[in-house]
Amino acid sequence: MNWLVAALAVCVLVPSANSWCYHKPSCNDTTWPTIAAKYCSGTRQSPINIVSASAELNANLTEFTFQNYGDTSILKKILNTGKTVKVSLGSGVSISGGDLSEAYDSLQFHLHWGNGSSIPGSEHTVDGKRYPMELHIVNSKSTFNGNTTLAVKDSTGLAALGFFIEEMSGNETQQPASWNTLTSYLANIRNRGDSVSIAPGISLDDLLVGVDRSQYYRYLGSLTTPNCNEAVVWTVFKDSIKVSKDLVRPGHPERHPAWVLGLINARIPGGQRSLACISSRIATVIQVTLERSKEP
Ligand SMILES: [Zn+2]
């Protein structure tokens with residue numbers, strides 16, 4: 001009877017969260033509610049389309065304090081995860097303020113992108129506008145000491161900072177220098193699991209150049225990949241990071257992460273998921289999207 005027991009066991013096996021993907025019909029985001037049923041079909045899912053006219057000024061959304069964002073040796077390693085390129089950060093980097101309940105440790109950042117030409121790849125959109133790329137800095141409540149397993153069980157356990165990336169106007173090349181350096185590592189991590197150390201020289205401040213970090217949107221959302229845990233305080237900055245065309249277009253493909261991973265890795269707001277899910281999300285967005293007021 002062993003074969004029968006084995007067959008029954010297979011039937012009740014739930015696909016693991018590792019089996020999700022972006023584009024294959026068998027595992028794209030239409031299937032995520034099945035793969036990670038607890039959250040991916042929830043009502044607090046990210047990303048969202050931010051409706052700027054519905055954003056409300058909120059005086060509690062003060063400026064952030066960015067601890068060690070100027071440290072030029074804090075970017076440690078860049079890794080091809082198979083789904084994104086992820087840069088791990090050294091200890092001692094954190095954010096506070098911004099109406100967060102406590103300090104949050106900055107653990108890593110990663111990118112979302114399109115194909116570098118016709119298909120933009122930001123996850124969040126503003127008034128329907130999708131940007132070419134989006135950078136996410138993932139922060140975890142300091143209380144949890146970097147233990148994200150605990151953080152995702154807390155409805156505000158993680159704080160994500162979202163920055164849009166788009167082309168600068170003009171014909172500059174290899175600008176800014178920080179992005180020229182960062183993207184130069186992509187050619188060394190062409191296979192899933194590849195990672196290389198990042199030499200000292202660029203800081204988080206260098207990568208966030210040109211962004212007024214006092215202007216942002218705030219809402220409560222989720223991880224944008226399975227298990228889609230609804231544990232994220234989202235901050236999406238209004239200003240974009242401007243990068244020269246050669247670093248975000250396919251003219252120099254080895255500088256574009258789509259070349260490295262051979263995929264587009266953005267979840268579309270509302271996604272390909274059910275209409276019921278989308279409509280409930282729109283209602284929520286209008287109520288919870290807040291915009292920090294400009295200082296008088
Ligand atoms: Zn992300």
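## Rings, zinc and empty spaces

Tyr131 is buried, and Phe164 is buried too. Before we go on, keep in mind that what you're looking at is a predicted model.

So what do these two rings do together? Tyr131 and Phe164 make a stacked aromatic pair, with 4.2 Å from centre to centre and 15° between the planes. Tyr131 sits in the loop between strand E9 (129-130) and E10, while Phe164 belongs to strand E11, so the pair ties together parts that are 33 residues apart in sequence.

### More rings

How many aromatic pairs are there by this rule? The count comes to 10. One of them joins Trp20 and Tyr22, and this pair is edge-to-face: the centres are 5.4 Å apart and the planes make an angle of 80°. Trp20 and Tyr22 are both buried.

Some rings also link up into a group. Phe64, Phe66, Tyr69, Phe163, Tyr216 and Phe237 are connected by ring pairs into a cluster.

Charges come into the picture as well. Look at Lys83: its charged end sits over the ring of Trp20, 4.4 Å from the ring's centre. Phe66, one of the cluster members, has a charge over its ring too, since the charged end of Arg213 sits there at 4.6 Å from the centre.

### The zinc ion

Which protein atoms are the donors of the zinc ion? They are NE2 of His110, NE2 of His112 and ND1 of His136, and they lie 2.0 to 2.1 Å from the ion. Along the chain, the donors follow the spacing H-x1-H-x23-H.

Are His110 and His112 buried or exposed? The cut-off for buried is under 20% relative accessible area. His110 has 12% relative accessibility, so His110 counts as buried. His112 comes in at 3%, so His112 counts as buried as well.

### Pockets and cavities

Now for the empty spaces. There are 2 cavities of 30 Å³ or more in the structure, and there are pockets to explore too. Here are the volumes and the make-up of each lining:

| Space | Volume | Lining residues by class |
|---|---|---|
| Largest pocket | about 900 Å³ | 13 nonpolar, 15 polar, 3 charged |
| Second largest pocket | about 210 Å³ | 5 nonpolar, 3 polar, 3 charged |
| Largest cavity | about 70 Å³ | 9 nonpolar, 2 polar, no charged |
| Second largest cavity | about 50 Å³ | 7 nonpolar, 1 polar, 1 charged |

Let's take the largest pocket. Its lining has 31 residues, and those nearest its centre are Trp20, Gln108, Leu223, Thr225 and Pro226. The elements that give two or more residues to this lining are strand E7 (104-113), strand E10 (133-141), helix H3 (148-151), strand E11 (158-167) and strand E14 (232-243). Which element gives the most to the lining of the largest pocket? That's E7, with 4 residues.

You've already met Trp20 as the ring under the charged end of Lys83. Both of these residues also turn up in the lining of the second largest pocket, and so does Tyr22, the ring partner of Trp20. The rest of that lining is made by Cys21, His23, Lys24, Cys27, Gly82, Arg192, Gly262 and Leu263.

Moving on to the largest cavity, the residues around it are Ile78, Val85, Val87, Phe109, His110, Leu111, Met133, Leu182, Thr183, Leu186 and Pro257. Notice His110 in that list: this is also one of the zinc donors. Strand E5 (85-89), E7 and helix H4 (177-184) are the elements that give two or more residues here. E7 provides the largest share, 3 residues.

What lines the second largest cavity? Met133, Ile165, Trp179, Thr183, Val243, Leu247, Val248, Arg255 and Pro257 do. H4 and helix H6 (245-248) each supply at least two of these residues. Met133, Thr183 and Pro257 appear in the linings of both cavities.

### One last contact

Finally, find Ala258 in helix H7, which covers residues 257-261. With 17% relative accessibility, Ala258 counts as buried. How far is Ala258 from Asn115 in sequence and in space? The two are 143 residues apart in sequence, and their C-alpha atoms are 6.0 Å apart in space.

Note on methods:
Residues are numbered from 1 along each chain as its sequence is written. This is a predicted model: local features need pLDDT of at least 70, side-chain atom pairs count only at pLDDT 80 or more; totals for chains, interfaces and linings use all residues. Side-chain values use heavy atoms; hydrogens and water are left out. On a 1 Å grid over the protein atoms alone, a cavity is a set of points where a 1.4 Å probe fits but cannot get out, and a pocket is an open set with protein on both sides within 12 Å along at least five of seven lines; lining residues have an atom within 4 Å of a point. Grid points are joined across faces, edges and corners, and a volume is the space filled by probe spheres set on the points. Ala, Val, Leu, Ile, Met, Phe, Trp, Tyr, Cys and Pro count as nonpolar, Asp, Glu, Lys and Arg as charged, and the others, Gly among them, as polar. Rings of Phe, Tyr and Trp (its six-membered ring) pair if their centres lie within 6.5 Å; planes under 30 degrees apart count as stacked, over 60 as edge-to-face and the rest as tilted. Buried means under 20% relative accessible area, exposed over 50%, partly exposed in between (1.4 Å probe, protein chains only). A charge sits over a ring if NZ of Lys or CZ of Arg is within 6 Å of the ring centre and within 35 degrees of the ring normal. Donors are N, O and S atoms within 2.8 Å of the metal (3.2 Å for Na, K and Ca); water is not among the atoms, so sites may look incomplete.
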